[in-house]
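Biologist: I should be grateful for a close look at a single part of this model, namely the second largest pocket. Please describe its lining and then the surroundings that help to place it.

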Amino acid sequence: MFEMHEMTVRFSIGDALRDASLRIAPGDRLGIVGESGSGKSMLAACLMGMVPQSATLSGRLTIDGTDMTHAAEDLWQTIRARRAAMIFQEPMSALNPLRRVGDTVAEPMRVHLGLGKAQARARVQALFEEVGIPDPSARLRMFPHELSGGQRQRVLIALALACDPELLIADEPTTALDANVALKITDLLVHLSQSRNMALVFISHDLAAVARATTEIAVMYGGDIVERGPTAAVLGTPAHPYTQGLLAARPDPRAMPREADGSRRRLPTIPGSVPPLQAMAKGCRFTGRCAVERSECASVKPVPTGPRHTTCHALLHEETP
Amino acid sequence: MSYFLLRRTIGFLATLVAVSVVVFAVMNVLPGDPALTILGLDATDDALAALRDDLGLNDPLLARYFGWVAGALVGDFGTSHSFRVPVAELIAERLPMTLSLAVAGMILTLIIALTVGIYAASHHGKPGDWITMFLSQLGIAIPAFWLSILLVLLFAVNLRWLPPGGFAGWSDPVAAMRSLVLPTVALALVQSAVLARVTRSSALEVMRQDFTRTARASGFSQRRILWRHVLPNALVPIVTIVGMQFAALVTGTIVIENVFYLPGLGRLIFQSIANRDLPTVQALVMLFAVIVVTANFVVDLLYVLIDPRLKART
Amino acid sequence: MKQLPANFIIGAVLVAFVVGVAALSLIWTPHDPTDLNIRAKFGAPSHVNWLGTDQLGRDLVSQLMAAARNSMTVALVAVLLGGSIGVALGLLASAIGGWVEDIVMRLADLGFAFPALLFAIMLAAVFGPSLTNAVLAIAFINIPIFARVARASGNQIWTREYVLAARAAGMNKFTITLDHILPNIAAAVIVQATIEFAVAILAEAALSYLGLGAQPPASSWGRMLSEAQTLMYLAPELAIYPGLCIVTAVLGFGLLGDGLRDMTDPRLARAR
């Protein structure tokens, strides 16, 4: 059980993550959605204890009740791979180019689990089969540059599974892949989560992928979790103005919006762009781009409210007149 | 053998031929009479003529060149005028000194440079980084022969731990090793200053890459990540410099042997210059140039061993 | 105004000091550096001889100053000579391309097979040791280095639009090289020259130490060290000062070169 309570990651130029609260139980499949700079990778870094040293952390992060907020690097080394593992966006550059992929996947088993060469090799082969790499005994002798993008990502997944973690964090796992490969990888992650009762944190800016992969979702903007709840509900009836904007900006081939005369309407966009960290508003981070903005938004930080922990002054105002 | 290796091998052989032409040209074609150089201005005409004949100076240039190369290929470099023995014998006698100095220097250089470079990279931006990089900047500016003198002043003259120079032969291995400690350290310290900087910047480059993050996410210790993941990937630029440095080390032995009065090829070259022993100088210069070129060739081959991606591309 | 890099400032100060002392020695030294005074040999530092005297009673400060001048002169001549030949070859290779470029670059590769020391040894063996031979040897090793720099940066400039425009306007390659290529590679060449200056000072010192450079009575840091080495038990301090001078000069030019490179090529600065 991974629990985060009002975690804040502060840099000298501003907060990259603000008061983030989450609970991840075994078997949970949580999606984290947001643009680049929304803090979703920083949230993942918190869960792995890999926040840059220049940051100060506040709030509380616990793993099965043990406080890990300010845990030392060597304590985190016992968590990584064994309890929480992570895969990254670029499967090519995320693999050591000088090593055979079999050796790469075997390394954490040998280091953390103390397996011998032959045992590790058998396990790697089984893992390769589990993640859908054909002809594993031949593939494990290959170098990363000899594999396709999808297979490299499968290797990375096998590496993450090497020590049977309870939590797998996938940071934009499909962004660098072709569409059909991306679908297969997404389904593989779901399948692994279910068959192993392993929690999955699926980070993406791709709403369709998150909808397919997860049961819960947290929407992030400018370091804040602006809304969270069951995936279907959040995407079906978005509460926060940012989530609404995000969904409206999504191209949907089945429901392409059309004008009355039948001509295609331009896809609506959220006006403006994500400001840099040092230029973020002190109150609600969405200030300046929001359609229902109020006078207090810029200066007062909205309190998470309602079943979806929505952080929005306008909404608060609506609900409690 | 792949196309890459074939091309490199041909290039290597071509360079060797070119080097031999340059050495021969400088020593034989440039204005001046070798016989006169050897015997001096007060030599009699008869003696000069006899020596010219002896050196084959009356033969056409091309014939002399091919004669020299053909001889060198079977280990015949002619006869030394000052020592009155075949040059090959002189070389064989003194090569072990120079080679052991160069190899020991290289090993020590690698140990110091990789440790310091990786240490500095892992302490990037902290005092440990600044101090080691300042020291290496200083090390680059220190001439090896002055460092040698300082080492002798400290360890031989003042502390009397080690001999200031000279070499009594290999029959007493302990004494021989003691004689080689200071020369090896002097050679290695200066070279490792350069290599440590290269190691540091190359390692920093690799540490920014994604797979370093993957290794960290796999729960590996900082030490394991640095030595097992970062260092191998940082090796390609390091090996390039090591190739050049081995060359620099081998020529560095010429200086160091003269500082410490060690009977190696470097001392031999200077004795030969003083004795105007042209065939010996020519053979030795060629030998050193061959070592330099060969070191760079070996580096080319090492690339393929280090980086499997190169094998695919070539 | 952007802040100057620290290595540039430190390098510039050291270089100004060394070059200033060398220039000063042209018109003034405390004593005649070659003035023998056997009775005053191994003199301790005093208000007459600031750092004392050597084994022949010569004033040490005056010798070090004269040696600075000699060292700077050798480095300057060698780098200018080798540098101009190298740059000319590199520009030629870059302007003509094709087999000319191939030949120049193969020759440059060949040049790397001969460290300055080997070349100086060959020249010394044929012509006898002299400062001129040392200068020639150091100049020689600079040729391939500058040829590579000039060709690499020249090739970049040749693809620029204003050069293509000049070619379209019918200017010949020689004119373009002088008008456009040379001014644009100047920065890279000056950076390299500063660094090679440091290397040349080291090389001169080593050659003079080995007796292949400056011959008596000319003052040279390297030769002073080789003389001091035989007197190590008598006067160890004689082996200290010349070495410090070499380090100061080499460090100064090295740092200055690094600083210049950081300023002219920020991309490289970050990578280092």
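Modeller: What follows describes the pocket and its lining, and then turns to the chains around it. The model is a predicted one. The second largest pocket holds about 1,400 Å³ of space. Its lining consists of 42 residues. Those nearest the centre of the pocket are A:M50, A:V51, A:P52, A:Q53 and B:R216. Sorted by class, the lining comprises 22 nonpolar, 12 polar and 8 charged residues.

Several elements each contribute at least two residues to this lining. From chain A these are α1 (40-48), β4 (56-63) and α2 (73-79). From chain B they are α5 (87-122), α8 (173-207), α9 (210-217) and α10 (222-260).

Chain B itself has 13 helices and 0 strands. Its C-alpha atoms fill a box of roughly 80 × 60 × 35 Å along the principal axes.

One of the lining helices, α5(B), can be followed beyond the pocket to its packing with another helix. In general, a pair of packed helices is described by the angle between the axes and the distance between them. For α5(B) and α6(B) (residues 127-141), the angle is about 140° and the axes lie 7 Å apart. The crossing of α5(B) and α6(B) is left-handed. On the α5(B) side, the contact is made by B:V116, B:Y119 and B:A120, which meet B:G128, B:D129, B:T132 and B:M133 of α6(B). The residues of this contact comprise 4 nonpolar, 2 polar and 1 charged.

As for the chains as wholes, 2 pairs are in contact, and chains B and C share the most contacts. Chains A and C, by contrast, are joined by no contact, and their closest C-alpha atoms lie 19 Å apart.

A final point concerns aromatic rings. Over all chains there are 12 aromatic pairs. In the pair A:Y242 and A:F286, the ring centres are 5.3 Å apart and the planes stand at 75°, so the pair is edge-to-face. This pair links distant parts of the chain, with the two positions 44 residues apart in numbering. A:Y242 belongs to helix α10 (residues 241-248) of chain A, whereas A:F286 lies in the loop between α10 and α11 (313-319) of chain A.

Definitions and conventions: Residues are numbered from 1 along each chain as its sequence is written. Chains are lettered from A and ligands numbered from 1 in the order in which they are written. This is a predicted model: local features need pLDDT of at least 70, side-chain atom pairs count only at pLDDT 80 or more; totals for chains, interfaces and linings use all residues. Side-chain values use heavy atoms; hydrogens and water are left out. On a 1 Å grid over the protein atoms alone, a cavity is a set of points where a 1.4 Å probe fits but cannot get out, and a pocket is an open set with protein on both sides within 12 Å along at least five of seven lines; lining residues have an atom within 4 Å of a point. Grid points are joined across faces, edges and corners, and a volume is the space filled by probe spheres set on the points. Helices (H or I, at least four residues) and strands (E, at least two) are DSSP runs, numbered from the N terminus. Ala, Val, Leu, Ile, Met, Phe, Trp, Tyr, Cys and Pro count as nonpolar, Asp, Glu, Lys and Arg as charged, and the others, Gly among them, as polar. Axes are lines fitted to C-alpha atoms, for helices over the stretch in contact, and angles run from 0 to 180 degrees between N-to-C directions. A crossing is left-handed if the near helix is turned anticlockwise from the far one by less than a right angle, and right-handed if clockwise. Contact means heavy atoms within 4.5 Å. Rings of Phe, Tyr and Trp (its six-membered ring) pair if their centres lie within 6.5 Å; planes under 30 degrees apart count as stacked, over 60 as edge-to-face and the rest as tilted.
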